[in-house]
Amino acid sequence: MQFIPKSLLSKLYNHNSLKNADKRVQFSVKSRLSPAVLNEVSKIVLNGEVIARDRVSVSVEANEPIPLEPVNADNPVEFQLGTVINVYLDIEPLDEGRHELSIDFDATPFGRISLEAQDVLRSNE
């Protein structure tokens, strides 16, 4: 596993991507370090609440979202450098304002990573 400084990890999250859309909450991250393979997302926490994996789906760029449940080492999601990964949460819409998010995942070649971010949801988004 490579050591990745928090300052570099924080660049993975696309700030201002948090929004309410299509009766769900969404945000995105971008592969800014290297091509990678997403092997697992073990936990997503939004404002201190763990989001159940069966309420999460992901898409690479503008592709159709896929449920998070089947994503694992035997069925990974590959993405190239510069690729946007959209994350969709089937939860109640968020209020406008600042929100805290953390994502624990495993990606080759990095290993286990814990990404923490804060974002602001604005009512016009």
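## Core, sheet and charged pairs in a predicted model

Colleague: Which residues touch the most other members of the largest nonpolar core?
Modeller: This is a predicted model. Its largest nonpolar core holds 34 residues. The residues there that touch the most other members are Tyr-13, Phe-27, Ile-44, Leu-89, Ile-103, Phe-105 and Leu-115.

Colleague: Which element gives the largest share of this core?
Modeller: Strands E2 (24-30), E3 (36-46), E5 (56-60), E7 (77-79), E8 (84-89), E9 (97-108) and E10 (111-121) each give two or more residues to the core. The largest share is five residues. That share comes from E3.

Colleague: Which residues does Phe-27 touch, leaving out those up to four places away in sequence?
Modeller: Phe-27 is one of the core residues that touch the most other members. Its contacts include Tyr-13, Ser-17 and Leu-18. The rest of the list is Ile-85, Asn-86, Val-87, Leu-89, Leu-101 and Ile-103.

Colleague: Which element has the highest mean pLDDT?
Modeller: The chain averages a pLDDT of 89, and 92% of the residues score at least 70. Helix H1 (residues 6-9) has the lowest mean among the elements, 69. The highest mean, 98, belongs to strand E4 (residues 49-50).

Colleague: Which strands are the edge strands of the open sheet?
Modeller: Five strands form the sheet, in the order E1-E2-E8-E5-E6. Their pairing is antiparallel. An edge strand here pairs on one side only. The edge strands are E1 (19-21) and E6 (66-67).

Colleague: Which residue in E6 stands opposite Ser-57?
Modeller: E5 and E6 run antiparallel, and two bridges join them. In E6, the residue opposite Ser-57 is Pro-67.

Colleague: How many residues apart are Arg-112 and Glu-40?
Modeller: The structure holds two salt bridges. In one of them the side chains of Arg-112 and Glu-40 meet, at 3.1 Å from N to O. Arg-112 is in strand E10 and Glu-40 in strand E3, so the pair links distant parts of the chain. The separation is 72 residues.

Colleague: Is Arg-112 buried or exposed?
Modeller: Exposed means over 50% relative accessible area. Arg-112 has 52% relative accessibility. Glu-40, at 27%, counts as partly exposed. Arg-112 therefore counts as exposed.

Colleague: Why does the salt bridge of Arg-53 and Glu-69 tie together separate parts of the sequence?
Modeller: The closest N and O atoms of Arg-53 and Glu-69 are 3.5 Å apart. Arg-53 lies in the loop between E4 and E5, whereas Glu-69 lies in the loop between E6 and E7. The pair therefore ties together parts whose separation in sequence is 16 residues.

Colleague: What is the relative accessible area of Glu-69?
Modeller: Its partner Arg-53 counts as partly exposed, at 23% relative accessibility. Glu-69 is partly exposed too. Its relative accessible area is 42%.

Colleague: Where is Pro-109 found?
Modeller: The peptide bond from Thr-108 to Pro-109 is cis, with omega near 15°. Pro-109 is found in the loop between E9 and E10.

Colleague: Is Asp-22 buried or exposed?
Modeller: Asp-22 lies in the loop between E1 and E2. Its phi is near 50°, a positive value in a residue other than glycine. The relative accessible area is 66%, so Asp-22 is exposed.

Colleague: What is the phi of Glu-61?
Modeller: Glu-61 sits in the loop between E5 and E6. At 38% relative accessibility, this residue counts as partly exposed. Glu-61 is not a glycine, yet its phi is positive, about 55°.

Methods. Residues are numbered from 1 along each chain as its sequence is written. This is a predicted model: local features need pLDDT of at least 70, side-chain atom pairs count only at pLDDT 80 or more; totals for chains, interfaces and linings use all residues. Side-chain values use heavy atoms; hydrogens and water are left out. A nonpolar core is a set of buried Ala, Val, Leu, Ile, Met, Phe, Trp, Tyr and Cys residues joined through side-chain atoms within 4.5 Å. Buried means under 20% relative accessible area, exposed over 50%, partly exposed in between (1.4 Å probe, protein chains only). Helices (H or I, at least four residues) and strands (E, at least two) are DSSP runs, numbered from the N terminus. Contact means heavy atoms within 4.5 Å. pLDDT is the predictor's confidence in each residue, from 0 to 100. Two strands pair if DSSP finds at least two bridges between them. A salt bridge is a side-chain nitrogen of Lys or Arg within 4 Å of a carboxyl oxygen of Asp or Glu.
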